[in-house]
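Thank you all for making the time this morning. I would like to go through one structure with you, starting with confidence and the overall layout, and then turning to helix packing and a few individual residues.

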Amino acid sequence: MRIWIDADACPKVIKEILFRAAERVQMPLTLVANMKLQHPKSAYIDSVRVAAGADVADAYIVDHCEPGDLAITADIPLAAGMIEKGGFALNPRGELYTPDNVRRALSIRNMMDEMRGNGVITGGPPAFNNADRMAFANQLDRFLTKHLKGKS
């Protein structure tokens, strides 16, 4: 099992939580972005720099993930790709995607994109806050506890 971080837009505080978790449970973690990334020196943490472009990092993650891997992403199509390949996806606000809710999230995303394109809605999601950080940390801990049970 590996944790993949869609690192271009992942909040720094979430990356720091993930770095500590990777060390604690001794799990490989890979950051994927189209820029050079800083991360702690660790036998468990590495990074991959991909070419610039829309969805290049997402495609890399889906192409290289294995069933059971976890992606950290706010990108719903990437979450859907992970689930389709037998993996998991968790967004930085703490929502764990499932086959059921990722389909619903894709529909909502597409509707919102259309509304933004028509000028009906402007702006993006609310600012990332401490409650989001806590929700993420709690969901990650639950996920790791459930999926690493019996593997030690």
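What you see is a predicted model, and the mean pLDDT of the protein chain is 89, with 86% of its residues reaching 70 or more. That confidence is not spread evenly: the mean is highest in strand 1, residues 3–6, at 98, and lowest in helix 4, residues 99–117, at 68. Where pLDDT is low, the predicted coordinates should not be read in detail, and I would ask you to keep that caution in mind for helix 4, with its mean of 68.

As for the layout, the protein chain contains five helices and six strands, and if you follow them along the sequence, the pattern reads β-α-β-β-α-β-α-β-β-α-α. Of the 152 residues in the protein chain, 38% are buried. Taking the contacts between residues at least 6 apart in sequence, 51% of them join residues that are at least 24 apart.

Let me turn to the helix pairs, beginning with helix 1, residues 12–25, and helix 5, residues 130–148, which pack at an angle of about 25° with their axes 11 Å apart. Because angles under 35 degrees count as roughly parallel, helix 1 and helix 5 are described as roughly parallel to each other, and helix 1 passes helix 5 in a right-handed crossing. On the helix 1 side, the contact is made by Val-13, Ile-14, Ile-17, Leu-18, Ala-21, Arg-24 and Val-25, while helix 5 brings Arg-133, Phe-136, Ala-137, Leu-140, Asp-141, Leu-144 and Leu-148. Sorted by class, this contact of helix 1 with helix 5 has eleven nonpolar and three charged residues, and no polar ones.

The second pair is helix 2, residues 56–64, with helix 3, and here the packing angle is about 10°, with the axes 9 Å apart, so helix 2 is likewise roughly parallel to helix 3. In this contact Asp-58, Ile-61 and Val-62 of helix 2 meet Leu-78, Gly-81 and Met-82 of helix 3, and the residues divide into four nonpolar, one polar and one charged.

Staying with these two helices, there are two residues I would like to point out, the first being Ala-59, which sits in helix 2 and counts as partly exposed because its relative accessibility is 37%. Its partner for this comparison is Pro-77, which is found in helix 3, residues 76–84, and the C-alpha atoms of Ala-59 and Pro-77 are separated by 9.9 Å, although the two residues are 18 apart along the chain. How exposed is Pro-77 itself? With a relative accessible area of 34%, Pro-77 is partly exposed. Pro-77 can also be placed relative to Asp-55, 22 residues apart from it along the chain, with 9.3 Å between the C-alpha atoms.

Finally, please look at His-39, which lies in the loop between strand 2, residues 29–33, and strand 3, residues 45–49. At 27% relative accessibility, His-39 counts as partly exposed. Which residues does His-39 touch, leaving aside those up to four places away in sequence? They are Phe-19, Leu-31, Ile-45, Asp-46 and Ser-47. The C-alpha atoms of His-39 and Lys-15 are separated by 8.8 Å, with their positions 24 residues apart along the chain.

Technical notes
Residues are numbered from 1 along each chain as its sequence is written. This is a predicted model: local features need pLDDT of at least 70, side-chain atom pairs count only at pLDDT 80 or more; totals for chains, interfaces and linings use all residues. Side-chain values use heavy atoms; hydrogens and water are left out. Axes are lines fitted to C-alpha atoms, for helices over the stretch in contact, and angles run from 0 to 180 degrees between N-to-C directions. Helices (H or I, at least four residues) and strands (E, at least two) are DSSP runs, numbered from the N terminus. Angles under 35 degrees count as roughly parallel, over 145 as roughly antiparallel, 65 to 115 as roughly perpendicular and the rest as oblique. A crossing is left-handed if the near helix is turned anticlockwise from the far one by less than a right angle, and right-handed if clockwise. Contact means heavy atoms within 4.5 Å. Ala, Val, Leu, Ile, Met, Phe, Trp, Tyr, Cys and Pro count as nonpolar, Asp, Glu, Lys and Arg as charged, and the others, Gly among them, as polar. Buried means under 20% relative accessible area, exposed over 50%, partly exposed in between (1.4 Å probe, protein chains only). pLDDT is the predictor's confidence in each residue, from 0 to 100.
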